[in-house]
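Me: Please take me through one helix of this structure closely, and then through the parts around it. I am in my first year, so I would like each step of the reasoning spelled out.

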Amino acid sequence: MIPRKMMKCAGILAAAAAIAALAACRSEQPPRTRLTQQEMADYGKAIAGEYDGAYVILRAVNPMPGKEDEDGGEAGEMAIERLEGASITVTDYDMRSIIFHQFPISTASHLAAHNEALQSALAETPGMDLTAQYGWSLHTDGVSPVWEMGDIVASLTLAYGGEKHNVLFRFKSGMNFLLDASERDAGLGFGSTMPQFSLKAVLVDGEQLPLPDNSLLVFFTMQH
């Protein structure tokens with residue numbers, strides 16, 4: 001017959017072994033790579049709202065063919081324009097969109113210098129709302145949420161040269177931002193994050209215009 005004390009010790013050792021095995025299994029688990037639906041909904045709610053600020057627009061001028069900048073793109077000068085009184089709307093996770101209100105399409109008129117009629121039509125184009133989708137992922141640390149903005153496509157009909165033409169702008173974001181938890185918890189939403197995108201293509205009646213590198217870069221700066 002096994003003494004009661006020995007049975008008790010054996011039980012304790014078995015429990016300790018089980019806990020150690022469970023801890024070992026947990027430590028061997030790879031870090032998670034996705035946020036839960038609830039987390040995405042919570043973060044979407046945290047950043048939803050209206051944001052006031054300014055558009056900061058960088059336009060390529062005087063390109064230097066054959067010369068490269070530090071990033072390997074075509075070297076040249078950049079003109080900077082700041083447009084105050086801008087605003088964006090960020091919806092919650094159900095809609096997952098970000099709307100740039102009254103974006104000044106006319107700032108791209110310099111790209112049509114080869115066609116004065118098109119350039120004039122673009123310069124006279126009023127501002128329009130541009131919409132992009134957003135999503136969430138996880139940083140490589142498996143903890144920090146990363147906000148991702150999708151591409152933007154803006155299509156409009158312009159009348160010039162006695163005809164109507166379909167003009168399409170394709171903007172690419174390619175930007176990911178770690179959401180600053182301290183600023184978010186302080187009620188600042190995105191905090192110091194600045195959504196930004198660049199013009200990747202302009203098509204007129206299906207024909208793509210030649211664009212210099214960094215022909216149009218746009219930043220939205222927040223006001224707090």
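Reply: In this model, which is predicted, the buried residues of helix H3 pack against three strands, namely E6 (residues 152-160), E7 (residues 163-172) and E9 (residues 196-204). H3 itself covers residues 116-123, and its buried residues are Leu118, Ala121 and Leu122. These three lie on the same side of H3, because they cover an arc of only 95° around the axis. At the N-terminal end, H3 is capped by Asn115, which places a side-chain oxygen 3.2 Å from the backbone nitrogen of Ala117.

The loop between strand E3 (97-103) and H3 holds Ser109, a residue that also touches the helix. Leaving out residues up to four places away in sequence, Ser109 is in contact with Gln119, Leu122 and Ala123. Ser109 counts as buried because its relative accessible area is 13%, which is under the 20% limit for that word. A polar atom of the Ser109 side chain also lies 3.0 Å from the backbone oxygen of Ser106.

From here we can widen the view to the nonpolar core. In soluble globular proteins, nonpolar side chains tend to be buried together. The largest nonpolar core of this model has 47 residues, and Leu118 is among those with the most contacts inside it, together with Phe100, Trp136, Phe169 and Phe171. Phe169 shows how such a residue can be surrounded: when its neighbours within four places in sequence are left aside, its contacts include Leu122, as well as Ile105, Ala108, Ile152, Val153 and Ala154. Leu156, Leu199, Ala201 and Val202 are further contacts of Phe169.

One of the strands that H3 packs against, E9, leads on to another strand, since E9 and E11 pair in the antiparallel sense over three bridges. Within this pairing, Ser198 stands opposite Leu217 of E11. Strand E11 (residues 216-222) is largely enclosed by the rest of the structure, because five of its seven residues are buried.

Two loop residues beside strands we have already met deserve a careful look at their backbone angles. Most residues other than glycine have a negative phi. Asp205, in the loop between E9 and strand E10 (207-208), has a positive phi of about 55° although it is not a glycine. With a relative accessible area of 47%, Asp205 is partly exposed. Arg96, which sits in the loop between strand E2 (74-90) and E3, has a positive phi near 55° as well, and its relative accessibility of 32% makes it partly exposed.

Finally, it helps to set the helix within the chain as a whole. The chain contains four helices and eleven strands, and buried residues make up 38% of its 224 residues. Among the contacts with a separation of 6 or more, 64% are between residues 24 or more positions apart. The accessible surface of the chain comes to about 13,300 Å², and 54% of that surface belongs to carbon and sulfur atoms.

Methods:
Residues numbered from 1 in each chain as written. Predicted model: local features only at pLDDT ≥ 70, side-chain atom pairs only at ≥ 80, totals over all residues. Heavy atoms only, no water. Core = buried A, V, L, I, M, F, W, Y, C linked by side-chain atoms within 4.5 Å. Buried < 20%, exposed > 50% of the residue type's maximum accessible area, 1.4 Å probe, protein only. Contact = heavy atoms within 4.5 Å. Helix = DSSP H or I, 4+ residues; strand = E, 2+ residues; numbered from the N terminus. Arc of directions from axis to C-beta. Polar contact = N/O pair within 3.5 Å; in protein donor to acceptor, adjacent residues only side chain to side chain. Areas by Shrake-Rupley, 256 points an atom, 1.4 Å probe, with all protein chains shown as cover. Pairing = 2+ DSSP bridges.
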